[in-house]
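Visitor: I should like a close look at one part of this model, taken from its surroundings down to its individual residues. Please fix the meaning of any term that the reasoning depends on before using it.

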Amino acid sequence: MKKVVKLTDAVSRIPDGAVLMIGGFMGAGTPPGLIDELVRQGKRELTVIGNDTARPGVGIGKLIAARMVRRVITSHIGTNPETQRQMIAGETEVELVPQGTLAERIRAAGFGLGGVLTPTGVGTVVADGKRTIEIDGRSFLLELPLKADFALINAWRADYLGNLEFALTSRNFNPLMAMAAAAVIAEAENIVPVGVIPPDSVGVPNVLVDHLVGKERSHG
Amino acid sequence: MDEKTLIARRVALEFRDGDLANLGIGLPTLVARHLPPGIDVFFQSENGIIGMQALPHEGVAWNDLTDAGGSPIGAVPGAAAFDSALSFGLIRGGHLDVTVLGGLQVDEQGQLANWMVPGKMVPGMGGAMDLVSGARRVIVAMTHTARGEPKIMKRCTLPLTSVRRVDLVVTDMAVIEPTADGLVLKETAPGITVRDVLAATEATLIVPPDVPVMPITA
């Protein structure tokens with residue numbers, strides 16, 4: 001099965017209005033080529049699930065600036081004044097989720113769980129509209145799974161089968177999101193022969209990856 | 001010494017050798033520079049690493065080794081990297097010994113508000129709600145007042161970060177310990193009297209007969 005595709009073809013599979021999970025934390029571990037190609041193809045009405053909206057001109061911040069996002073589900077927009085402006089102006093809907101809860105909601109979807117119980121947010125505005133459940137005298141919020149149409153993943157290395165290996169803090173939400181979307185598009189800094197990534201170093205096993213994009217090099 | 005350095009040097013005395021600690025961006029980050037000799041602390045960055053340190057020198061910045069603000073960092077020998085679920089499992093699961101966070105308000109119940117000012121500033125909670133709910137010890141490091149207005153209140157007027165009672169509040173004027181009975185004034189900053197602290201605090205403070213002067217690291 002051929003997974004390595006051209007960047008343009010990978011991104012043209014994403015329709016307007018799609019729900020996207022995008023890996024990364026302040027841009028580190030966000031797939032740069034996929035972001036730029038989304039902007040170039042001018043997608044509209046996207047829902048984006050990601051840790052933050054980075055800064056203007058960085059990572060998910062580029063999608064915000066290009067007015068491609070209708071709704072964002074995220075833990076932090078404080079470093080991107082444009083996201084805050086669009087939220088206050090009512091142009092973009094922003095759902096703020098505690099970071100650990102965001103990770104667990106994504107994990108729950110990918111791991112086949114009906115939800116997670118977390119102490120985070122109990123008694124705060126985050127609890128509004130949610131069920132609080134007592135277990136052994138402690139209160140927990142029931143947080144529901146979060147899934148997507150596409151996960152856009154950034155890896156340090158991939159092999160041709162689609163096994164992914166991550167580097168340091170660029171890992172963050174990427175392995176979780178690769179489990180939680182109907183289709184996974186991974187962008188790798190390097191695509192290496194099968195066998196180069198040892199089994200113990202595989203962060204996302206190849207069966208989860210549908211399409212793989214590398215750096216497009218010209219050898220001419 | 002400026003007020004932030006004073007706060008950082010007092011907070012630094014709260015660490016135990018071998019602690020796993022998470023420092024918020026800004027003032028709390030200063031604490032790492034003032035640890036007493038012989039105290040080795042592993043610093044977690046919630047974007048997925050234990051063993052972060054400041055960039056050791058120029059020319060070693062790498063896009064894949066960053067702090068929670070997206071700035072390049074270094075890593076100590078023995079560092080470990082992991083995904084966001086494990087990172088927050090460490091935080092919520094009782095594995096994080098101490099977190100130091102900034103604050104907008106703390107109230108008589110020891111509850112903290114530090115993530116939004118409705119209508120003015122809505123940055124999002126990031127990891128703060130998980131940190132305050134889950135860390136074994138929560139230390140708030142903040143200036144005692146903001147533009148002359150008290151930040152230690154009878155009741156927080158801003159949305160809470162957590163209903164959990166924080167463990168210690170360190171300001172440029174005082175060290176305050178929230179307890180089941182209320183806020184106890186533990187120490188005053190050099191040159192600050194108990195009366196000064198009371199005048200700058202809206203909440204009722206429990207004042208023991210003897211309130212020592214705040215010690216700080218060298």
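Guide: Two residues are in contact if their C-beta atoms, placed from the backbone, lie within 7 Å. The model is a predicted one. A small example shows the term in use: leaving aside neighbours within four places in sequence, Asn206(A) is in contact with Leu161(A), Gly162(A) and Asn163(A). Asn206(A) belongs to the loop between β10 (181-192) and β11 (211-213) of chain A. It counts as partly exposed because it has 19 C-beta neighbours inside 10 Å, where 20 or more would make a residue buried. Between the C-alpha atoms of Asn206(A) and Glu104(A), which are 102 residues apart along the chain, the separation is 22 Å.

The part chosen for the close look is helix α3 (84-92) of chain B, and its setting comes first. Chain B contains five helices and 15 strands. Its radius of gyration is 17 Å, in agreement with the value near 17 Å for a compact globule of 218 residues. The C-alpha trace of chain B spans about 50 × 40 × 30 Å along its principal axes, and 46% of the 218 residues count as buried. Among the contacts in chain B between residues at least 6 apart in sequence, 65% join residues at least 24 apart.

Chain A, on the other side of the interface, has six helices and 11 strands. Its radius of gyration of 18 Å agrees with the value near 17 Å for a compact globule of 220 residues. The C-alpha trace of chain A spans about 65 × 40 × 25 Å along its principal axes. Of its 220 residues, 54% are buried. For contacts in chain A with a separation of 6 or more, residues 24 or more positions apart account for 70%.

The two chains meet through 34 residues of chain B and 36 residues of chain A. On the chain B side, the elements that give two or more residues are α3 (84-92) and α4 (128-134). The largest share of that side, five residues, comes from α3(B). Sorted by class, the side of chain B that touches chain A has 14 nonpolar, 15 polar and five charged residues.

How much of the helix is buried? Eight of the nine residues of α3(B) are buried, which makes the helix mostly covered. The buried residues are Ser84(B), Ala85(B), Ser87(B), Phe88(B), Gly89(B), Leu90(B), Ile91(B) and Arg92(B). Their packing partners lie in both chains: α5 (99-110), β5 (116-118) and α6 (174-177) of chain A, together with β1 (20-23), β2 (42-45) and α4 of chain B. Just after the helix, Gly94(B) takes a positive phi of about 85°.

Two of those partners in chain B, β1(B) and β2(B), also pair with one another, in the parallel sense over three bridges. Within this pairing, Asn22(B) stands opposite Gln44(B) in β2(B). β1(B) pairs as well with strand β5 (residues 98-101) of chain B, again in the parallel sense over three bridges. There the bridge partner of Leu23(B) is Val100(B) in β5(B).

Chain B also has an open sheet of three strands in the order β7-β6-β11, with mixed pairing. Its edges are β7 (112-113) and β11 (152-153), and each has a single partner strand, so one side of each is left without a neighbour in the sheet. Strand β6 (residues 105-107) of chain B is joined to β11(B) by two bridges, and these strands run parallel. Here Val106(B) has Ile152(B) as its bridge partner.

The nonpolar packing completes the setting. The largest nonpolar core has 117 residues, and Met21(A) and Ala151(A) have the most contacts inside it. Strand β8 (residues 148-159) of chain A gives the most to this core, with seven residues. Not counting residues up to four places away in sequence, Met21(A) touches Ile49(A), Gly50(A), Ile106(A), Ala148(A), Ala151(A), Leu152(A), Met177(A), Ala180(A) and Ala181(A).

How values were computed: Residues numbered from 1 in each chain as written. Chains lettered and ligands numbered in written order. Predicted model: local features only at pLDDT ≥ 70, side-chain atom pairs only at ≥ 80, totals over all residues. Helix = DSSP H or I, 4+ residues; strand = E, 2+ residues; numbered from the N terminus. Rg over C-alpha atoms; globule rule 2.2 N^0.38 Å. Buried ≥ 20, exposed ≤ 12 C-beta atoms within 10 Å, placed from the backbone. Nonpolar A, V, L, I, M, F, W, Y, C, P; charged D, E, K, R; others polar. Pairing = 2+ DSSP bridges. Core = buried A, V, L, I, M, F, W, Y, C linked by C-beta atoms within 7 Å.
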